Amino acid sequence: MATRIERAKYGAEATAGLSGTLPNPYPRTMGPNCMKYLQEVVDSGLTSDMVTRFEQAFAREMGVKHCIATPGCNPALTVLAAAFGFEPGDEIIVSPVTDYGTVLGLLKENFIPVFPDTTPGTINFSAETIRPCITDRTRAILAVHMTGLVCDMDPINDLAKKHGLIVYEDVCQAVFSEYKGRLAGSLGLAAGFSFDTEKTMGSDVGGCVLTDDDPLEERLRFIGHSRGAQMQPNFGRLHTVPGYALRMTQSTAAISLAQLEIIRSNVAQRDRMIRLLTRLLADIPGVTPLPIPDYQNVYSSWMAGFTLDPKAFRCSSDVFAQQLARAGIPGVGTGRYYLLPASLTFLQDKARNRTYPFSMPPASHAYAYSAEACPTAKAFLETFIRWTTFCEKYEPEHCERAADLVRQVSDQNRV
Ligand SMILES: Cc1ncc(COP(=O)(O)O)c(C=O)c1O
């Protein structure tokens, strides 16, 4: 009999049974008009224009021309990858510390992800770490704003311009974060968003692409929604490209529209609370909270986190996190798996075995993926502790309690 593997969990199931004395995002806070919009969908017998209403409302709120709704960010980035029209074997530079959903679309198009290292002390990459990775096969840079911290985009855009590269963003963890007064998601050619239940604008399994670019919008709808099919008189659907039907459902659009009405106040609360928590954690010797850059006016924090000075403590980050979970922070843990060159073992195998697109051609040289290729990110994640239960339900007393618990566990484990 096959051995049963433990499958990854998602949604409310991932936090079910968590105990602790701090808030937990579930059950999610729903916008007051949620039932009204859902009722409209039902009453219309599924003829409502809820998806278009959500798309227009989100684009307006983000100050971007087009929103193309999808069932998640993974599909949003998949459709974007298909729409760019790059060739198999072309390289896309991607943040090394991110979720698997960032890269799936690239792999399906047989592009080659290239992972620069992170900048020391931070969770994101930067123009300095990207620069040495640019080759004549590089076509685009996909910037992920991890935890809600926006990458330093101006130097990244300048570098990309110099080399004729597209820049686009993964904004799953940073909805309504602001960089120098500009919203994350408006800082490149296009951006992918997630409205998954667990995300800051939790709306069920949803997402979208944003772009100001008219031809790209047309292509995204053709490839992502219309199955790459054009209507041929006296014939019907002519599938000129292998497109998808990755549309958002009307009911998710109804929930997303209602969530959009409360997102700004939720994000403002997260921003206030993460800044307070950051100040409190910074006072604990040996503990370094994720640094918030000066350019970040709004930190729409999806998860809270800090690193440990390994010389200051007797225990590993795993033991520290377990003690912290027992002490009362629900869902606290480490996050080594976020280092994609380490967690994508199938990609390691393909590169090692030179399986397509790592065969030559279409690749022009050999590739290898491992944690060691990104030593700064690896070292950072070795000591990184985070909790995704941080949410807009936090009040100052919760930040104080969380910081007290971190201090207690720190004091128990000091060298
Ligand atoms: C940074 C990042 N990118 C992509 C995804 C995938 O988003 P979705 O679950 O909506 O497909 C996630 C979700 O965890 C994420 O955090």
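The following exchange concerns a predicted model and asks what lies behind some of the terms used for it.

Reader: What makes E12 and E15 edge strands of the open sheet?

Author: The sheet has 4 strands in the order E12-E14-E16-E15, with antiparallel pairing. Strand E12 (287-289) and strand E15 (333-334) each have a single partner strand, so one side of each is left without a neighbour in the sheet.

Reader: How do you know that E12 and E14 are paired?

Author: Pairing requires at least two bridges between two strands, and 3 bridges join E12 to strand E14 (residues 304-308), so the two count as paired under that cut-off. They run antiparallel, and Pro289 stands opposite Phe306 in E14.

Reader: Why is helix H10 said to pack on the sheet?

Author: Helix H10 (residues 317-327) touches E14, E15 and strand E16 (384-387), and its direction makes about 30° with that of E16.

Reader: What makes Phe193 stand out in the largest nonpolar core?

Author: Of the 124 residues in that core, Phe193 is one of those that touch the most other members, together with Leu80, Ile141 and Val209. Leaving aside residues up to four places away in sequence, the contacts of Phe193 include Cys73, Ala76, Val171 and Leu210. Helix H9 (residues 250-282) gives the most to the core, with 13 residues.

Reader: Why are 8 residues of the shell around the ligand called polar?

Author: The class covers residues that are neither nonpolar nor charged, and because Gly is counted there, Gly72 and Gly101, which are among the residues that come nearest to the ligand, belong to it. The shell also has 3 nonpolar and 3 charged residues.

Key:
Residues numbered from 1 in each chain as written. Predicted model: local features only at pLDDT ≥ 70, side-chain atom pairs only at ≥ 80, totals over all residues. Near = placed C-beta within 6 Å. Helix = DSSP H or I, 4+ residues; strand = E, 2+ residues; numbered from the N terminus. Contact = placed C-beta atoms within 7 Å. Axes fitted to C-alpha atoms, helices over the stretch in contact; angles between N-to-C directions. Core = buried A, V, L, I, M, F, W, Y, C linked by C-beta atoms within 7 Å. Buried ≥ 20, exposed ≤ 12 C-beta atoms within 10 Å, placed from the backbone.
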